[in-house]
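Dear colleague,

I am passing on the structure below, and my notes on what was found in it follow underneath. Please read them with the structure open beside you.

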Amino acid sequence: MTKPTAPIEFGDGEVRSRWTTAGSTPRNTATDIAALLRDLAAVCPTSTQLVDLAEHARDWWPLAMRWALQSQVPQLPLVVASPRNTDEVQRAMRTCAAHDVPVTVTAGRSGVSGASIPLFGGVVLNINELQGVISVDRTSGVVEVLAGTFGPDLERAAAEHSLTVGHFPQSFDISTVGGWVACLGAGQFSTRYGKINDMVVGLEVVLADGSIIRTGGAPAAAHGPDVSAMFIGSEGTLGIITRVWLRAHDVAPVRRKTAYFFPTFSAGILAMREAIRADATPAVLRLYDATESQRSHGGDGTTCTLIVLDDGEQEIVDATLAVVDRYARTHGAVIAPVERVDHWLAHRNDTSGLQALTKKGFVIDTMEVAAPWSAMNEVYSNVCRAVLAIDGARSISAHVSHSYLDGACLYFTFVGTTSTREINPASTDEHEALYLAIWNAAQRAALEAGGNLAHHHGVGLNRGRFMREAMGGAFDVLVAMKQALDPNDLLNPGKLGLPTTRGKVKYS
Ligand SMILES: Cc1cc2nc3c(=O)[nH]c(=O)nc-3n(C[C@H](O)[C@H](O)[C@H](O)COP(=O)(O)OP(=O)(O)OC[C@H]3O[C@@H](n4cnc5c(N)ncnc54)[C@H](O)[C@@H]3O)c2cc1C
């Protein structure tokens, strides 16, 4: 089993909650906490050791990484409970409901939006013990897998049957199947294999009242709204996903790669659009702006690099790459060394630069949004302009990472600096203020120009404040679903921008 890795070591000193602990206890008395701990321990393994509480109180959200350097987590939970099967998840959930204590599911803790942070303390339900592929229907290409299974373990088991699920997020090694579903994730090969919602056949979910449901189960259905879809992307607020049935593809016999340099970013976007609209969908089709091309993809500071990779049957791959090639040349591209693709393949999951810059005191993060093809250029320029107008913002760049018939994902990276790079309480407050200012500017600029709120990193805590403006009246449907499925506000309260009775939510 792959183990979650901490993004950054804690600083010296005992780890403490950064925020007030007022909301971190259940709404009952201290004696009830003792009873809660006793009752949970009777269900499954639990831990109240500080080292476990601290690790389960943070994820890869850049603010949490910064706070870790000062031995702070946003909020310590009371206890980490680690159920080993669906039955224990059900009993743990019922115990928490009886004690009226909030429950935050954590899995790989690779989320980058603070989604798995136990905002009001309470119980962290660590899902990592639900491990392994349970069955494989080789004929249909359906894999039944427990939610806490990490990417490499899933693909290894599928490969034994010459299958691949084809979901390869950059966080493949450190994220879980349940986390992919809960966050509506996208893998780097999504242009051929789709997002995680395209792969889900069905789910097993434990609801807030402890009941267990199964959703989906067929290649297609028409019996009312898709109940699986209600839990896909729900970020632990509507139910606990314990088991997932995923579509898998036969392992491809052929892989081909190619790369291009474009004179401009917009020319590259045009070529991508035309290739995709012509139904050429290579697994990987990534276009880097001039800044990112120069930084990592062999560009000279003016050109934009497109990398293309496809897997499949020879005839399909050849035809796909031929269509991409035609549209690339039509829009002024020249062939780039294929080593650009090999370089990307070798380094695509390396995040050491992120940790290094965080340790050096930089404000750094990424923001991914989806936009229709007609708005891509406007979203790109609007976000870049808005971010660079913020005092302290130093750079912004982007690439197009996942494409669809009607649009694509723009993935921005921004860096800022505060008055000092020393890590101390005052500079951390300044760091947080700049971080929020850049996010406010970038996210609103994307929405104004026709982009959406998020493509695959989810909402968590960081983006909750934008939910209503991004979703309009549809947000009320989400609120109603939360109230119907979790009337006592037990599951991951305060996330997805949902109203909560448990206390004030930071940044809301
Ligand atoms: C370096 C890096 C690169 C990344 N690249 C990508 C990428 O390419 N594509 C992408 O989509 N994402 C990416 N991410 C984001 C992150 O990896 C995904 O959101 C991932 O799906 C989270 O899975 P996890 O198991 O780590 O979940 P966690 O971070 O532990 O949890 C995330 C949220 O899901 C909920 N949750 C987790 N498991 C369950 C469950 N079983 N039932 C109910 N709720 C649950 C949690 O409560 C929380 O709200 C990246 C992150 C990092 C750090």
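In this predicted model, helix α15, which covers residues 376–388, packs against helix α16, residues 425–448, at an angle of about 155 degrees and with the two axes 8 Å apart. Since an angle over 145 degrees counts as roughly antiparallel, α15 and α16 are therefore roughly antiparallel to each other. The crossing in which α15 passes α16 is right-handed. On the α15 side the contact is made by V379, N382, V383, A386 and V387, while α16 contributes I438, A441, A442, A445, A446 and E448. Sorted by kind, the residues of this contact between α15 and α16 comprise 9 nonpolar, 1 polar and 1 charged.

One residue of that contact, A442, also stands out in the largest nonpolar core, which has 146 residues and in which L410 and A442 touch the most other members. Leaving aside residues up to four places away in sequence, A442 touches M367, V383, A386, V387, F412 and F414.

Two serines deserve a separate look for their backbone angles. Most residues other than glycine have a negative phi, yet the phi of S71 is positive, near 55 degrees, and the phi of S162 is likewise positive, near 55 degrees. S71 sits in the loop between α3 (62–68) and β3 (72–73), and S162 in the loop between α5 (151–159) and β9 (163–164). S71 is partly exposed, because 16 other C-beta atoms lie within 10 Å, whereas S162 counts as exposed, because it has 11 C-beta neighbours inside 10 Å.

With kind regards

Technical notes
Residues numbered from 1 in each chain as written. Predicted model: local features only at pLDDT ≥ 70, side-chain atom pairs only at ≥ 80, totals over all residues. Axes fitted to C-alpha atoms, helices over the stretch in contact; angles between N-to-C directions. Helix = DSSP H or I, 4+ residues; strand = E, 2+ residues; numbered from the N terminus. Parallel < 35°, antiparallel > 145°, perpendicular 65-115°, else oblique. Left-handed = near helix turned anticlockwise from the far one by under 90°. Contact = placed C-beta atoms within 7 Å. Nonpolar A, V, L, I, M, F, W, Y, C, P; charged D, E, K, R; others polar. Core = buried A, V, L, I, M, F, W, Y, C linked by C-beta atoms within 7 Å. Buried ≥ 20, exposed ≤ 12 C-beta atoms within 10 Å, placed from the backbone.
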